[in-house]
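Got your viewer open? Let's take a walk through this protein together, one selection at a time.

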Amino acid sequence: MAIKTGLDFIPMNVLILTDLSQVAKNAAEFALQFLRNTPVKFYLLNIGQFHTEEDPQLPVSERMARALLKIDLRILELKKLTTNPDHQFEALYSENDLVTATRRYTDAKKIDLIVMGAANKGFSPYTIVGNQTYEILQKIKCNLLAVAEGSEFRKIEKLIFPYTYIPSLDETIRKLENFSAFEKNVEINVMEIFGQTNEEEILPTGADTMVATNNTSRIKHLKMRDLEIFSISQLQKIQDDFDLIALMGKDITLCYKLLHNKYGIFSTISGKLPIFILHD
């Protein structure tokens, strides 16, 4: 993960999974702005399974050449958009399935962050949707940014961090504070989800008295029942009030409800908030 070190940033390696759809195009452009102040090597990965329109009898070398040409054209578009001279780009292609290809390049390129476009439920069976995002999350332990198809970039000044249980909440907050894409005075709203347990029966977690671990961020603590957070009205309010949702990769219940194809990303309403998954 890129971290802040004074006025400089440790460079990041970012893997953008693209099926060359409009949803994936939006995710790549979002990532460019999200990391506008950070030196980044962007790898755009496309895989054969997304090219259903291609003749299956074509040699692999021909399919690869066609796909790489399309990715190179997308890279030219991104180069025109970036304002950071320390943004570099490379095209990748694989005939493996999505998870295998992603795992291979995550390891080979020492990836710090995976970026995926995530369509609302029912968008298209051929684009990267909730079930694939959730599968990547489950099987590859890497920070992940899921960009909903309706996401428009805005500075990450106010994020919400729902959780059910985290052994070291302070450590997690420090990681969020130090992520280079967030504004230095980012407001972190920690939301404790306590299921069907009566609120007065919840054991203290330390979040009530938690203060910012440095002088640059603000911490607020909220509590909510799990049924309430996934209501249409509450999800809409979260989208209106915050710039990003942050989750821990280990918090499988919350990740499932927000990323799996059974729900999609805000499948009942128009999704516009990115979801950032933090892994240990």
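In which helix is the place of T172? Select T172 and you'll land in helix 5, which covers residues 169-177. Before we go on, keep in mind that you're looking at a predicted model.

**Stop 1: around T172**

Is T172 buried or exposed? T172 counts as buried, because its relative accessibility is 6% and buried means under 20%. Now show its neighbours: leaving out residues up to four places away in sequence, T172 touches F161, I166, M248 and L278. Next, pick the C-alpha atoms of T172 and L247: they are separated by 10.0 Å, although the two residues are 75 apart along the chain.

**Stop 2: the sheet**

Switch to a cartoon view and look for the strands. A little background: strands of a sheet pair through backbone hydrogen bonds, either parallel or antiparallel. Here, 10 strands form an open sheet with mixed pairing, and if you walk across it the order is 5-4-3-6-7-12-11-8-9-10. Colour strand 5 (87-94) and strand 10 (218-224): these stand at the edges with a single partner strand each, so one side of each has no neighbour in the sheet. From one strand to the next, the twist averages 20°.

Now zoom in on strand 8 (residues 158-163) and strand 11 (residues 244-248), which pair in the parallel sense over two bridges. Which residue of strand 11 stands opposite I160? Select I245 and you've found it.

**Stop 3: helix 1 on the sheet**

Select residues 22-34 to light up helix 1, which packs on the sheet. Among the strands it touches are strand 3 (12-17), strand 4 (40-47) and strand 6 (113-118). The direction of helix 1 makes about 140° with that of strand 6.

**Stop 4: helix 1 meets helix 2**

Keep helix 1 on and add residues 60-81, which is helix 2. Two packed helices are described by the angle between their axes and the distance between the axes. For this pair, the angle is about 35° and the axes are 10 Å apart. Helix 1 passes helix 2 in a right-handed crossing. Show the side chains at the contact: K25, A28, E29 and L32 come from helix 1, while R74, E77, L78 and L81 come from helix 2. By class, that makes four nonpolar, no polar and four charged residues.

**Stop 5: salt bridges**

How many salt bridges does the structure hold? There are 11, and we'll visit a few.

Start with K41 and E90, whose side chains meet at 3.3 Å, N to O. K41 lies in strand 4 and E90 in strand 5, so the pair ties together parts that are 49 residues apart in sequence. E90 is partly exposed, at 26% relative accessibility.

Then hop to R218 and E187, where the closest N and O atoms of the salt bridge are 3.7 Å apart. This pair links distant parts of the chain, with R218 in strand 10 and E187 in strand 9 (residues 187-193), 31 residues apart. R218 is partly exposed at 41% relative accessible area, whereas E187 is buried at 7%.

Finish at D241 and K237, a salt bridge with its closest N and O atoms 2.7 Å apart. Both residues lie in helix 7 (residues 232-241), four residues apart, or about one turn of the helix. D241 is partly exposed at 30%, and K237 is partly exposed at 46%. As a last selection, try K41, E90 and K109 together: salt bridges with shared partners join them into one network.

Definitions and conventions:
Residues numbered from 1 in each chain as written. Predicted model: local features only at pLDDT ≥ 70, side-chain atom pairs only at ≥ 80, totals over all residues. Heavy atoms only, no water. Pairing = 2+ DSSP bridges. Axes fitted to C-alpha atoms, helices over the stretch in contact; angles between N-to-C directions. Contact = heavy atoms within 4.5 Å. Salt bridge = Lys/Arg side-chain N within 4 Å of Asp/Glu carboxyl O. Buried < 20%, exposed > 50% of the residue type's maximum accessible area, 1.4 Å probe, protein only. Left-handed = near helix turned anticlockwise from the far one by under 90°. Nonpolar A, V, L, I, M, F, W, Y, C, P; charged D, E, K, R; others polar.
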